[in-house]
Amino acid sequence: MDGKNVTTGTVTLTDNTSGKSREFPVLGGTSGPRVIDIRKLYAETGMFTFDPGFVATASCRSTITYIDGDEGILLYRGYPIEELAEKSDFMEVAYLLLYGELPSAKQKEQFFHDITYHTMVHEQLASFYRGFRRDAHPMAVLCGVVGALSAFYHDSTDIHDPHQRMVASYRLIAKMPTIAAMAYKYNLGQPFVYPKNSLHYAENFLHMCFAVPCEEVKVNPVLARAMDRIFILHADHEQNASTSTVRLAGSSGANPFACIAAGIASLWGPAHGGANEAVLKMLAQIGSRDHIPEFLRRVKTHQDHTMLMGFGHRVYKHYDPRAHVLRQSCHEVLDELGIKNEPLLDLAMELERIALQDDYFVSRKLYPNVDFYSGIILRAMGFPTSLFTVLFAIARTVGWVAQWNESIEDPDSKIGRPRQLFIGSAPRHYVAVEKRGS
Ligand code: CMC
């Protein structure tokens, strides 16, 4: 079964106040926990469910990504992330996420060609950057520029036209590295570098970031491969905060560029994609191995809201499989760059070792997540910490557009409109200002 769900039984809910019972269908998917279909709950009982943070709520059906958090399994369209990271490449993974199947050689070539021919941005967009301060955070720039794309590409904003939806999706995947690299160059005060169609996706991105007009820059293939792998690992992660934001924004019929800009804004938070930047700041703050116990003491006592960044996950109660791959990649990249001793990597590994033996983290099932090691690689590659979440956004754009397309095509999709448990004031009458007291 793929793309369908079946009713596997019912659940009876009894209201102990009224004594009334009602049955609700239980649906089963291909894998994962079954769900109680409560769509008729309010109509039949006059009650809502209460689930802040969607801890026990499936917000949609999806066929794209599956996570088994207890076993530490992540599958894109059924394929294990470790196999894709080792054997595939980001363009192939993008095709897989968008279309559901790995491409044939011909389809792959055509897809890569089509993405490549959308990598340039409207020349007018360059002047948009000049409105930002040079020291603006690149995520702030990314939010603004991606949101502005709908003003440049009006011809792909009709969400009911599948062709326009696909053109918008290709544009977003293709232009995101260009826009991100421009944000970086603007920060540095260097000229923008145009995309080069002879280069592969990740290679092209590194070239746009690190090339300068005055000399020939050849991208190191090991670093291009590492970048491509980082993109694969970050491409999708089912209904996380930013993806749910994209779906929610899309549910109102908003155009795709606006929806992805909303996703970027959500990703920026330190509990989500901003964690990779926060990990490096944390490691710098800890400074050395002998400060680890004191730092962990502050984490465990919640002193000043201190968290062990890059640890913990809503779904994984096991080692994040992406962190495994990245830990390995870290060593490869550092070896390639001839970095024998990277104090931050030593510190991160020691921090991980100590935390994984500490009852606070063990009992809460807190393990390293994707962000724990990615920053160390990105820093070694030459990226400033402020660009880390931008790199995450480039990769996640593929997942966002795949999930956005899926939600638009889902006949059961409705405008997202959660309800609330109101705990504010009971109705009361307006009091004139002179009668309100001091
Ligand atoms: N450091 C210290 N304590 C933690 C951490 C952490 N990193 N993560 C969770 N906890 C504690 C939390 O305080 C709570 O303890 P208690 O039961 O005593 O109140 C318990 O573990 C359960 O945590 P939770 O807050 O209920 O878990 P959640 O599912 O709401 O939050 C999370 C998940 C990822 C937001 C959280 O673990 C966190 O903030 N981690 C640090 C930030 C981070 O690395 N984020 C990247 C996530 S992966 C990539 C991505 O999504 O973009």
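## The ligand and its contacts

A backbone N or O atom of Gly273 sits 3.3 Å from an oxygen atom of the ligand, which fits the definition of a polar contact (a pair of N or O atoms within 3.5 Å). This is a predicted model, in which local features need pLDDT of at least 70, side-chain atom pairs count only at pLDDT 80 or more, and totals for chains, interfaces and linings use all residues. Residues are numbered from 1 along each chain as its sequence is written, and side-chain values use heavy atoms, with hydrogens and water left out.

Two further contacts involve nitrogen on the ligand. A polar backbone atom of Phe311 is 2.9 Å from a nitrogen atom of the ligand, and a polar side-chain atom of Tyr360 also lies 2.9 Å from a ligand nitrogen. On its own the ligand exposes 930 Å², and the protein buries 71% of that (areas come from the Shrake-Rupley method with a 1.4 Å probe).

## Who surrounds the ligand?

Let's look at the shell around it. In total, 22 residues surround the ligand, where a residue counts if one of its heavy atoms lies within 4 Å. The closest are His272, Leu308, Gly310, Phe311 and Arg314.

By class, the shell has 12 nonpolar, seven polar and three charged residues. Here Ala, Val, Leu, Ile, Met, Phe, Trp, Tyr, Cys and Pro count as nonpolar, Asp, Glu, Lys and Arg as charged, and the others, Gly among them, as polar.

## A bent helix

Helix 18 covers residues 388–409 (helices are DSSP runs of H or I with at least four residues, strands are runs of E with at least two, and both are numbered from the N terminus). Its 22 residues reach 32 Å from the first C-alpha to the last, close to the 32 Å expected (1.5 Å times one less than the number of residues).

Helix 18 bends by about 40° at Arg396 (the angle between axes fitted to the seven residues ending there and the seven starting there). Because 20 of its 22 residues are buried, helix 18 is largely enclosed by the rest of the structure (buried means under 20% relative accessible area, exposed over 50%, partly exposed in between, with a 1.4 Å probe and protein chains only).

## Residues in loops

Most residues other than glycine have a negative phi. Phe54, however, has a positive phi near 50°. Phe54 lies in the loop between helix 1 (41–45) and strand 4 (65–68), and is exposed, with a relative accessible area of 52%.

His302 has a positive phi too, of about 55°, and its loop runs between helix 13 (292–300) and helix 14 (321–336).

How values were computed: A polar contact is a pair of N or O atoms within 3.5 Å; within protein, one must be able to donate a hydrogen and the other to accept it, and residues adjacent in sequence count only if both atoms are side-chain atoms.
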